[in-house]
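Me: I'd like to practise reading a model feature by feature. Could you take me through this one?

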Amino acid sequence: MAGSSHGHTPAAWTGVIIAIIGFTVAGAFMVMAEPLGFWAGMAIVALSGVVGLAMRAAGLGQSKDVHPVHQVAATPEPAGAEG
């Protein structure tokens, strides 16, 4: 994946960092048996997706036309097919 620049954008990094913080908060409050804190951590995780999408919409993400998966390759002719 490193060759395709998958996830190497400020939007991706920010979304993942916020999600990690949210899971850490939720995990800590789950161990302390505090449901309100757990759900606050889950809200932070949900916020990470919103922030990532907003940053991508602002131009800080990778556009689909740059990613090699979204590029259509020319289909080769089958072997032995002469025209």
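Me: Let's start at the front of the chain. Where is Thr9 found?

Reply: Thr9 belongs to the segment before H1. Keep in mind that this is a predicted model.

Me: Is Thr9 buried or exposed?

Reply: The general idea is to check the relative accessible area, where under 20% means buried. Thr9 has 12% relative accessibility, so it counts as buried.

Me: Which residues is Thr9 in contact with, leaving aside its neighbours within four places in sequence?

Reply: Once those neighbours are set aside, Thr9 is in contact with Leu60, Gly61 and Gln62.

Me: Now zoom out for me. How many helices and strands are there in the protein?

Reply: Two helices and zero strands. H1 covers residues 10-31, and H2 covers residues 35-60.

Me: What share of the residues counts as buried?

Reply: Of the protein's 83 residues, 18% count as buried. As for surface, the protein exposes about 6,200 Å², and 72% of that is supplied by carbon and sulfur atoms.

Me: How do I read contacts by their separation in sequence?

Reply: Take the contacts between residues at least 6 apart in sequence, then ask what share of them joins residues at least 24 apart. In this protein that share is 54%.

Me: Can we look at a single residue in H1? What does Gly22 touch, not counting residues up to four places away in sequence?

Reply: Gly22, which has its place in helix H1, touches Gly41, Ile44 and Val45. With a relative accessible area of 0%, Gly22 is buried.

Me: How far apart are Gly22 and Val45 in space?

Reply: For this one, go C-alpha to C-alpha: Gly22 and Val45 are 4.8 Å apart in space, with their positions 23 residues apart in sequence. Try another pair as well: Thr24 and Met42 are 18 residues apart along the chain, and their C-alpha atoms are separated by 9.7 Å.

Me: Thr24 is in H1 too, then. Is Thr24 buried or exposed?

Reply: Yes, Thr24 lies in helix H1. Over 50% relative accessible area means exposed, and Thr24, at 51%, counts as exposed.

Me: What does the side chain of Thr24 do with its polar atom?

Reply: Look for a backbone partner. A polar atom of the Thr24 side chain lies 2.8 Å from the backbone oxygen of Ile20.

Me: Which backbone oxygen does the side chain of Ser48 reach?

Reply: That of Val45, at 2.5 Å. Ser48 is found in helix H2 and, at 7% relative accessibility, counts as buried. Not counting residues up to four places away in sequence, Ser48 touches Gly15, Ile18 and Ala19.

Me: What about the loop between H1 and H2? What is phi of Ala33?

Reply: Check the sign of phi, then check whether the residue is glycine. Phi of Ala33 is near 60°, a positive value in a residue other than glycine. Ala33 has its place in the loop between H1 and H2, and at 58% relative accessibility it counts as exposed.

Me: How many aromatic pairs does the structure hold?

Reply: One. To classify a pair, look at the ring centres and then at the angle between the planes; over 60 degrees is edge-to-face. The rings of Phe38 and Trp39 have centres 4.9 Å apart and planes at 75°, so this pair is edge-to-face. Phe38 is partly exposed, with a relative accessible area of 21%, while Trp39 counts as exposed at 56% relative accessibility.

Me: Last one: which residues make the nonpolar surface patch?

Reply: Trp13, Ile17 and Ile21 make it, and the patch is about 330 Å². Take Ile17 as the example: Ile17 is found in helix H1 and is partly exposed, with a relative accessible area of 46%.

Definitions and conventions
Residues numbered from 1 in each chain as written. Predicted model: local features only at pLDDT ≥ 70, side-chain atom pairs only at ≥ 80, totals over all residues. Heavy atoms only, no water. Phe/Tyr/Trp six-rings, centres within 6.5 Å; stacked < 30°, edge-to-face > 60°. Buried < 20%, exposed > 50% of the residue type's maximum accessible area, 1.4 Å probe, protein only. Patch = residues over 30% accessible without salt bridge, like charges linked within 9 Å, V, L, I, M, F, W, Y side chains within 5 Å. Areas by Shrake-Rupley, 256 points an atom, 1.4 Å probe, with all protein chains shown as cover. Salt bridge = Lys/Arg side-chain N within 4 Å of Asp/Glu carboxyl O. Helix = DSSP H or I, 4+ residues; strand = E, 2+ residues; numbered from the N terminus. Contact = heavy atoms within 4.5 Å. Polar contact = N/O pair within 3.5 Å; in protein donor to acceptor, adjacent residues only side chain to side chain.
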